[in-house]
Amino acid sequence: MNDITGKFGATYLRISRDKGENEDTLQNHRELMQAFCREHEYKFDLYEEIVSGGKHDLEQRPQLQKLIDHIERYQAIFAVSLDRLSRNGLVSQQIKQLCIDYDIPIITPSQTFDLSNSQEDRLLYDVSSLFASLEYEMIGRRNKVNKMQRARRGEHVGGKPAYGYRRNPVTKRLEIYEPEAAVVRYIFKLYNEGFGSRKIVDILNREGYKPKQANAFQTATIKRIIQNPVYKGTVVFQNRKRIKENGEYRYKILDTVTAEHAHSVIITPDEWEQANRERAERRVQTIPIREKPARKTGLTMLKDLLFCGVCGRKLVIRREKHGVYTINPCGSLLPDGTARCDNRGMKLEFLEEEVVSKLQGHKQRLADQLQLIQQQEKEAECRNIQKHLTLIEAQLQENERQQTNLMELLLAEIYTHEELKLKKQTLTEQRQALLMMKYKLMKKIQDIDILFHTDRLSHIIRRLEQFQDQRVEEQNETLKQFVKRIHYMRIMPEDIRKLSTKNKERQAHPFGYTIEYF
């Protein structure tokens, strides 16, 4: 490897509050790496963040994503240790491949990993990353068990306290914060008097009340407050698992812990139950209205795919009496609470025509992607894995030879019994790590299969080729296989908006849209 003295690199620092670390830990790491870089004459850009290393979505790790985006600037990556870069196997492998592609070493105070030029370093990196990932999973399980036990004791463990409460750092229980608690009581009073969530939002914002971390109340906030059992003194903690379904992540509830009478109540249990009985009755009463679009209008091509391009809320498609489908104006309350969204509607057919015209271009992009995947050399990756397996097999043989020779070394009085015991333990742990890596590589060879991706792309391309001949419900199903959302926007000046909907100038006013693909 080339001399690493004087390199210009990126120093990445990360701490996790889940492990009880704070800004002091981050400062210690910063000073350690600054001293290390000065000693070796390194120059660097600094990236630091407070986030869990187990996150696999780089959108949740903006500083690491920024480093990756600027990777071409650097000659090295500096870190306190490998697990500070990532405790997630997928992200670790992304970083590894970047370092190989750009011939960039990872340098820590204890070791340098020359991933582009050393098979041994790549193997050691994989083993270290595997152990970091396993440790993260074990820490997560222990933390979850600990939180469930604390919840059973009535302690607050669910993130930020609900509006109206503060967490006592000594007792770890919730205590009433009267300035906000008075607002909560007012919300329940209005709700039990018959006001709906949207009307309550208008009243609160008009009278100048503020939520904890926003400029104005939202309808969803009122609904969460009404449904939250914390206000009647109940702690509820859910053990959840993040899973992916239909291209989107959601949380599956595995277990629920409930502790009654855990803290002082803001709303009496009777008043809370009354409000939620009222909520359930109102919901039943509105079911016929809510079901009307699906039951009486049937499906449209863009059903469940339209979202407001201004505020992000889901848009409603309505069938008028004369059978024409229209996009309803949005009208949702904007985040600042000062006004409602001014995104206007129009006939659905105009947007459908635009979307259909875009499909041909998307079909061509999919076809190009399919051709590229089919041209990838599966054999090249297999050969690379086979090289790793050969290296591991050699190390396993050496490990076995050393274990066989242990007794001879003892008899020759080269090792004491204690030294022999320690050496045997070290060799055993090394063998387990090598076998684990061998297993992963063997499995990776089995998993190198592009059939799933090519089959899916081929399936979508076929569906797009048949799109014009499909029934409307089939068209909607086809779009949902690769379209996540369609963001629609049509903002009109005041003078245009005041015109009749039959006015040609108003009807011709332009609209915009973007398609968000999976």
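Accessible areas here come from the Shrake-Rupley method with a 1.4 Å probe. The exercises concern a predicted model.

**Exercise 1. The chain as a whole**

State how much accessible surface the protein chain has, and what share of that surface belongs to carbon and sulfur atoms.

Solution. The accessible surface of the protein chain is about 30,600 Å². Carbon and sulfur atoms hold 49% of that area. As for burial, 38% of the 518 residues are buried. The chain has 16 helices and 15 strands. Of the contacts with a separation of 6 or more, 63% are between residues 24 or more positions apart.

**Exercise 2. The span of helix H5**

Check whether the distance between the end C-alpha atoms of helix H5 agrees with its number of residues.

Solution. Step one: helix H5 covers residues 119-152, which is 34 residues. Step two: the expected span is 1.5 Å times one less than the number of residues, which gives 50 Å for H5. Step three: the end C-alpha atoms are 50 Å apart, so the two values agree.

Now consider the two ends. At the N-terminal end, Ser 118 acts as a cap, with a side-chain oxygen 3.4 Å from the backbone nitrogen of Glu 120. Just after H5, Gly 154 has a positive phi of about 90°.

**Exercise 3. A nonpolar patch**

Find the residues that form a nonpolar patch on the surface with Phe 131, and classify Phe 131 as buried, partly exposed or exposed.

Solution. Phe 131 is in helix H5. Its partners in the patch are Leu 134 and Met 138, and together the three residues have about 260 Å² of accessible area. The relative accessible area of Phe 131 is 43%, so this residue is partly exposed.

**Exercise 4. Salt bridges**

Determine which parts of the chain the salt bridge between Arg 30 and Glu 48 ties together, then treat the pair Glu 494 and Arg 497.

Solution. The whole structure contains 21 salt bridges. In one of them, the closest N and O atoms of Arg 30 and Glu 48 are 2.8 Å apart. Arg 30 belongs to helix H1 (residues 23-39) and Glu 48 to strand S2 (residues 43-50), so the pair ties together parts 18 residues apart in sequence. Arg 30 has a relative accessible area of 17% and is therefore buried, while Glu 48, at 25%, is partly exposed.

Glu 494 and Arg 497 form a salt bridge with an N to O distance of 2.3 Å. Both residues lie in helix H15, 3 residues apart, about one turn of the helix. Glu 494 is partly exposed at 40% relative accessibility, and Arg 497 is partly exposed at 26%.

Conventions. Residues are numbered from 1 along each chain as its sequence is written. This is a predicted model: local features need pLDDT of at least 70, side-chain atom pairs count only at pLDDT 80 or more; totals for chains, interfaces and linings use all residues. Side-chain values use heavy atoms; hydrogens and water are left out. Helices (H or I, at least four residues) and strands (E, at least two) are DSSP runs, numbered from the N terminus. A polar contact is a pair of N or O atoms within 3.5 Å; within protein, one must be able to donate a hydrogen and the other to accept it, and residues adjacent in sequence count only if both atoms are side-chain atoms. Buried means under 20% relative accessible area, exposed over 50%, partly exposed in between (1.4 Å probe, protein chains only). Contact means heavy atoms within 4.5 Å. Patches are made of residues with over 30% relative accessible area and no salt bridge: like charges are joined within 9 Å, nonpolar side chains (Val, Leu, Ile, Met, Phe, Trp, Tyr) within 5 Å. A salt bridge is a side-chain nitrogen of Lys or Arg within 4 Å of a carboxyl oxygen of Asp or Glu.
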